[in-house]
Amino acid sequence: MATLHILSHSPFADSRLASCLRLLGVADGVLLSGDAVYALQPGTTNLQALQLMPASVALYALGEDLTARGLQAPERAQVVDYPGFVELCTRYAKVNSWL
């Protein structure tokens with residue numbers, strides 16, 4: 001059963017991203033929102049870890065949060081808007097918010 005994992009906290013503040021990456025299934029997705037988009041900063045170990053995920057794991061980033069922080073998504077990440085966020089939540093069998 002595929003799960004969409006939603007992260008919204010900075011990956012530099014705690015270990016939620018690392019914990020999430022350890023639990024990913026092959027058909028899961030990861031959605032970065034809020035300060036979690038800082039994981040996409042070039043040259044960081046967080047981005048390296050995300051790029052090492054299996055190709056079958058989808059990576060998404062909320063476009064408004066990228067723009068607000070002056071970041072661009074790497075090729076690996078698909079940028080979504082709020083309607084896209086909602087659609088992702090319906091696409092996956094389960095949704096796990098890493099609060």
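Me: Which residue in S3 does Leu32 stand opposite?
Reply: This is a predicted model. In it, S2 and S3 run parallel and are joined by four bridges. Within this pairing, the residue of S3 that stands opposite Leu32 is Ala61.

Me: What is the handedness of the β-α-β unit made by S2, H2 and S3?
Reply: The two strands of this unit, S2 and S3, are parallel. With H2, they make a β-α-β unit whose hand is right-handed.

Me: Through which helix does the chain cross from S3 to S4, and with what hand?
Reply: S3 also pairs with S4 (residues 77-80) in the parallel sense, over four bridges. One bridge of this pairing links Leu59 to Ala77 in S4. The β-α-β crossover from S3 to S4 is right-handed, and the helix it passes through is H3 (residues 63-68).

Me: Which residues of S3 are buried on each of its faces?
Reply: In a regular strand the side chains alternate between the two faces of the sheet. S3 is mostly covered, with five of its five residues buried. One side holds Ala58, Tyr60 and Leu62, and the other holds Leu59 and Ala61.

Me: How many residues does the largest nonpolar core have?
Reply: In soluble globular proteins, nonpolar side chains tend to be buried together. Here helix H1 (16-23), strand S2 (29-32), helix H2 (45-51) and strand S3 (58-62) each give two or more residues to the largest core. Leu7, Val30, Leu32, Leu40, Leu50, Met53 and Leu59 have the most contacts inside this core, whose residue count is 20.

Me: Among which residues is the other core, of 10 residues, to be found?
Reply: This core lies apart from the largest nonpolar core. Tyr60 and Leu62, which are buried on one side of S3, belong to the core of 10 residues. Its members include Tyr60, Leu62, Phe85 and Tyr92.

Me: With which residues is Leu50 in contact, leaving aside its neighbours within four places in sequence?
Reply: Leu50 is one of the residues with the most contacts inside the largest nonpolar core. Leaving aside neighbours within four places in sequence, the contacts of Leu50 are Leu17, Leu21, Leu32, Ala39, Leu40, Leu59 and Arg76.

Me: Why does Thr44 count as buried?
Reply: Thr44 is found in the loop between S2 and H2. Beyond its neighbours within four places in sequence, Thr44 is in contact with Phe12 and Ala39. A polar atom of its side chain lies 2.9 Å from the backbone oxygen of Gln41. Thr44 counts as buried because the cut-off is under 20% and its relative accessibility is 15%.

Me: Within what arc do the buried residues of H1 fall?
Reply: Leu17, Ser19 and Cys20 are buried in H1. Seen down the helix axis, the buried residues of H1 line one face, because they fall within an arc of 160°.

Me: Against which strands do the buried residues of H4 pack?
Reply: In helix H4 (residues 82-91), the buried residues are Gly84, Phe85 and Leu88. Seen down the axis, the buried residues fall within an arc of 105°, so they line one face of H4. On the other side, Pro83, Val86 and Thr90 are exposed. The strands against which the buried residues of H4 pack are S1, S2, S3 and S4.

Me: Which residue caps the N-terminal end of H4?
Reply: Gly84 is buried in H4. The backbone nitrogen of Gly84 lies 2.8 Å from a side-chain oxygen of the capping residue, Asp81.

Key
Residues are numbered from 1 along each chain as its sequence is written. This is a predicted model: local features need pLDDT of at least 70, side-chain atom pairs count only at pLDDT 80 or more; totals for chains, interfaces and linings use all residues. Side-chain values use heavy atoms; hydrogens and water are left out. A nonpolar core is a set of buried Ala, Val, Leu, Ile, Met, Phe, Trp, Tyr and Cys residues joined through side-chain atoms within 4.5 Å. Buried means under 20% relative accessible area, exposed over 50%, partly exposed in between (1.4 Å probe, protein chains only). Contact means heavy atoms within 4.5 Å. A polar contact is a pair of N or O atoms within 3.5 Å; within protein, one must be able to donate a hydrogen and the other to accept it, and residues adjacent in sequence count only if both atoms are side-chain atoms. Two strands pair if DSSP finds at least two bridges between them. A crossover is right-handed if, with the strands pointing away from the viewer, the path from the first strand over the helix to the second runs clockwise. The arc is that of the directions from the helix axis to the C-beta atoms.
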